[in-house]
Amino acid sequence: MTKVLVIGGGIAGYCAALAARRDGAEVTVVAKAPGATALYAGGMEVVDDLDAILAHQRHHPMTRLGLDSVRLASELDIAIHTLQLALEKDGLKFEGTWRTRGVYSDIHGLAWPANLVPATVSGGELHALIGRRVAVIGIKEVGDYDAASTAQALKELHGIEAVAEEVSIADLPIAASLTDLYGRRAPQLSHNRSTAIAYPPGFTNLPQGGFELLSAPPSPHGWRLQQAIALGIVKADVTSFENARGRITSAQAGDRTIRADAFVLATGKHIGGGLLGGHMTAEPLLKLGVFHDGEAVTRMGTRLQHLQYLDPAEELRSGVSTDNRLHPLDDEGQVLYQNLFAAGALLGGYDYSGPCGFGVPILTGWLAGRFAAKLQ
């Protein structure tokens, strides 16, 4: 049985572990802390136009896999179906597919696209609310959320018949905030004439017709997702690796040495600590090559700094690059270790806050886990 060590506790690491276990490997997942996965607002964007990516974005992680759109679509189908089943087993049900995209409102009434959403959010798809009367629930004791403004935005921006309904929760603390609602039972409306009810996120036991709005961090959606994917993770900080003859043999995590046959690096970008920003973006654990639009950042000099000065988001496109088996490369474009795989936001060549924000971690994590499990 192949032993696989996954480093990283986000969605990429979770998918890698799912895939490796599915293919018969013995898997250990190590993470020092939650990463950017815990910060998501409630909607997962997977991919918008797979054919356009393959045709026009040659440095995109999906393109670098060297698979055609049919094969990629098939892998996405299996990966997302397996992910949904696993999350539901861990207490968090998701609905949707990567092939369809809905639009959902946040707590301010602004619309956000998503392919996959929690079941508690799915009833709030904006197109499906047209022609229905929506009650937007406000809490009198909560000061950082205005249901009346949200209802007005839903009406003016999206043509939805929305009205604010304010309720009181007497045992909330003074100057309560949205975070104080987490885990409480949803308040019921005694004389509700609406066919749909929009709640700020965090409540449990939503009534029939009730759904949660999206929310920016700190978001209950992110907390729930991180709790679900963190089950079984070893909490430790991997600080170094041992290697011999072009293969990694073990990882040092605190006072523990973990030996494995294959290793998946899913350490995220800047929030997760997978990359270090600053004067020149670097990968800290194995000194892997970091690339920007196909060129090693060590060879770009001040040109990359100038690009980042004009648009700070340019730095988020930098990251580790891989071959078509997800082996990470050095600055010269060569594979360093035959039993090391990289996945998720650590990879460069795409905007991880954009339409592939969850698609790249899910797909590359899934394939990295499969490649790792079949190494022997």
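This text walks through the strands, cores and cavities of a predicted model.

Residues are numbered from 1 along each chain as its sequence is written. As the model is predicted, local features need pLDDT of at least 70 and side-chain atom pairs count only at pLDDT 80 or more, while totals for chains, interfaces and linings use all residues; side-chain values use heavy atoms, with hydrogens and water left out.

Helices (H or I, at least four residues) and strands (E, at least two) are DSSP runs, numbered from the N terminus. Two strands pair if DSSP finds at least two bridges between them. Strand 4 (residues 102-105) and strand 5 (residues 111-114) run antiparallel and are joined by four bridges. Opposite Ser105 stands Ala111 of strand 5. Five residues lie between the strands of this hairpin, where Gly109 takes a positive phi near 85 degrees.

Next comes an open sheet. Its four strands stand in the order 8-7-9-10, with parallel pairing. Strand 8 (161-167) and strand 10 (210-212) are the edge strands, each pairing on one side only. Direction ignored, neighbouring strands of this sheet are turned by 30 degrees against each other on average. Strand 7 (residues 133-139) and strand 9 (residues 196-199) run parallel, joined by three bridges. Within this pairing, Val134 has Ala196 in strand 9 as its bridge partner. Helix 7 (residues 147-158) packs on the sheet and touches strand 7 and strand 8; its direction makes about 170 degrees with that of strand 8. Such angles run from 0 to 180 degrees between N-to-C directions, and axes are lines fitted to C-alpha atoms, for helices over the stretch in contact.

A nonpolar core is a set of buried Ala, Val, Leu, Ile, Met, Phe, Trp, Tyr and Cys residues joined through side-chain atoms within 4.5 Å. Buried means under 20% relative accessible area (1.4 Å probe, protein chains only). The largest nonpolar core has 82 residues, and Phe263 is among those with the most contacts inside it. Leaving out residues up to four places away in sequence, Phe263 touches (heavy atoms within 4.5 Å) residues including Leu5, Phe241, Ile248 and Phe341. Apart from the largest core lies another, of 29 residues, among them Val142 and Leu178.

Last come the cavities. On a 1 Å grid over the protein atoms alone, a cavity is a set of points where a 1.4 Å probe fits but cannot get out; lining residues have an atom within 4 Å of a point. Grid points are joined across faces, edges and corners, and a volume is the space filled by probe spheres set on the points. There are two cavities of 30 Å³ or more. The largest has a volume of about 100 Å³. Among its 14 lining residues, His59, Arg64, Ser321, Gly348 and Gly349 are the closest to its centre.

Definitions and conventions
Buried means under 20% relative accessible area, exposed over 50%, partly exposed in between (1.4 Å probe, protein chains only). On a 1 Å grid over the protein atoms alone, a cavity is a set of points where a 1.4 Å probe fits but cannot get out, and a pocket is an open set with protein on both sides within 12 Å along at least five of seven lines; lining residues have an atom within 4 Å of a point.
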